[in-house]
Amino acid sequence: MTEQNASADVDPESYADELRRKREEKNDFFGSHPQSPIPPEERDAFDGLDYFDPNPDARVEATVSVHEDPEPVPMETTAGNEVRYLRLVTFSFELRGEAVELHGYQQEREDDEAVFVPFRDKTTGQQSYRNGRYIELHPDEPLADGETIVLDFNLAYTPFCAYSETFACPLPPEENWLDVAVAAGERDWNSTN
């Protein structure tokens, strides 16, 4: 059973411990790996990413609506050009008492089965990166219409373009702008420069 198909109910303490372990691994990668998005001249001063506290309530059960004939969605990027994604699925769920939807996409030419969920929320530009954050799902098999999956906003991450202008990142389309605050996942990171 994948994370996406698991129940939203978890043991809060063991979940928080596992999340902290994954965050430490990411910090190690960002601080020292040659493929880190942190510019090499800033890595010595890098002391870790900033995160919201682990929040089991930010793991929500979402109902999947599969788009049998996925529509293309152009997304602007931080570089000023557009990239085309296909809107594969819509996730419907409740967040902080509000009924909301997010769409999942995939680039037309991608062979992997990752479902890309870019979003903005009421923390965007204040507590989290100004251009939004991403969630990526890696289901073991194609998502099915009416299926319930877990969207874990604790895994929301900041795109690489936040750390270096050498990266261009898609901007969440307006249909994925949430009208609620998602105080989970990565917070805004500020360079020491």
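Reader: Let's start with strand pairing. Which residue of strand 3 does Tyr85 stand opposite?

Author: In this predicted model, Tyr85 stands opposite Gln107 in strand 3. The pairing belongs to strand 2, residues 82-95, and strand 3, which run antiparallel and are joined by 10 bridges.

Reader: And what happens at the turn, where Arg96 sits in the hairpin of strand 2 and strand 3?

Author: That hairpin has 2 residues between the strands, and Arg96 takes a positive phi near 55° there.

Reader: How should I think about side chains along a strand, and is strand 3 largely enclosed or open?

Author: The general idea first: in a regular strand the side chains alternate between the two faces of the sheet. As for strand 3, it spans residues 98-107, and 7 of its 10 residues are buried, so the rest of the structure largely encloses it.

Reader: Zooming out, how many helices and strands are there in the protein?

Author: You'll find 1 helix and 6 strands. Reading from the N terminus, the order is α-β-β-β-β-β-β.

Reader: What does the radius of gyration say about the overall fold?

Author: You compare it with what a compact globule would give. For 193 residues that is near 16 Å, and the protein has 17 Å, which agrees. Along the principal axes, the C-alpha atoms fill a box of roughly 50 × 45 × 30 Å. Buried residues account for 46% of the 193. Take the contacts between residues at least 6 apart in sequence, and 66% of them join residues at least 24 apart.

Reader: What share of the exposed area do carbon and sulfur atoms supply?

Author: They supply 43% of about 10600 Å².

Reader: On to charges. How many salt bridges does a search of the whole structure find?

Author: The general idea is that side chains of opposite charge can pair when their charged atoms come close. Here the search finds 10 salt bridges. One of them joins the side chains of Lys26 and Glu186, at 2.5 Å from N to O. This pair links distant parts of the chain, 160 residues apart: Lys26 is in helix 1 (residues 12-32), while Glu186 is in the segment after strand 6 (148-152).

Reader: Are those two partners buried or exposed?

Author: They split. Glu186 has a relative accessible area of 2%, so it is buried, whereas Lys26, at 23%, counts as partly exposed.

Reader: Which residue does Arg187 meet in a salt bridge?

Author: Arg187 meets Asp50, side chain to side chain, at 3.5 Å from N to O. Arg187 lies in the segment after strand 6 and Asp50 in the loop between helix 1 and strand 1 (59-76), so the pair ties together parts 137 residues apart in sequence. Arg187 is partly exposed at 24% relative accessibility, and Asp50 is partly exposed at 38%.

Reader: What about networks: which residues are linked in one?

Author: Glu18, Arg21 and Glu25 are linked in a network of salt bridges.

Reader: Which residue does Asp121 form a salt bridge with?

Author: Asp121 pairs with Arg133, the closest N and O atoms being 3.1 Å apart. Asp121 is in the loop between strand 4 and strand 5, and Arg133 is in strand 5, 12 residues apart. Both Asp121 and Arg133 are buried.

Reader: Where does the side chain of Thr124 reach?

Author: To the backbone nitrogen of Asp121, at 2.9 Å. Thr124 is found in the loop between strand 4 (115-119) and strand 5 (133-137). With 10% relative accessibility, under the 20% cut-off, Thr124 counts as buried. Leaving out residues up to four places away in sequence, Thr124 touches Tyr129, Arg130, Asn131 and Gly132.

Key:
Residues are numbered from 1 along each chain as its sequence is written. This is a predicted model: local features need pLDDT of at least 70, side-chain atom pairs count only at pLDDT 80 or more; totals for chains, interfaces and linings use all residues. Side-chain values use heavy atoms; hydrogens and water are left out. Buried means under 20% relative accessible area, exposed over 50%, partly exposed in between (1.4 Å probe, protein chains only). Helices (H or I, at least four residues) and strands (E, at least two) are DSSP runs, numbered from the N terminus. Two strands pair if DSSP finds at least two bridges between them. A polar contact is a pair of N or O atoms within 3.5 Å; within protein, one must be able to donate a hydrogen and the other to accept it, and residues adjacent in sequence count only if both atoms are side-chain atoms. Contact means heavy atoms within 4.5 Å. The radius of gyration is taken over C-alpha atoms; the globule rule is 2.2 Å times the number of residues to the power 0.38. Accessible areas come from the Shrake-Rupley method with a 1.4 Å probe; for residues, only the protein chains shown count as cover. A salt bridge is a side-chain nitrogen of Lys or Arg within 4 Å of a carboxyl oxygen of Asp or Glu.
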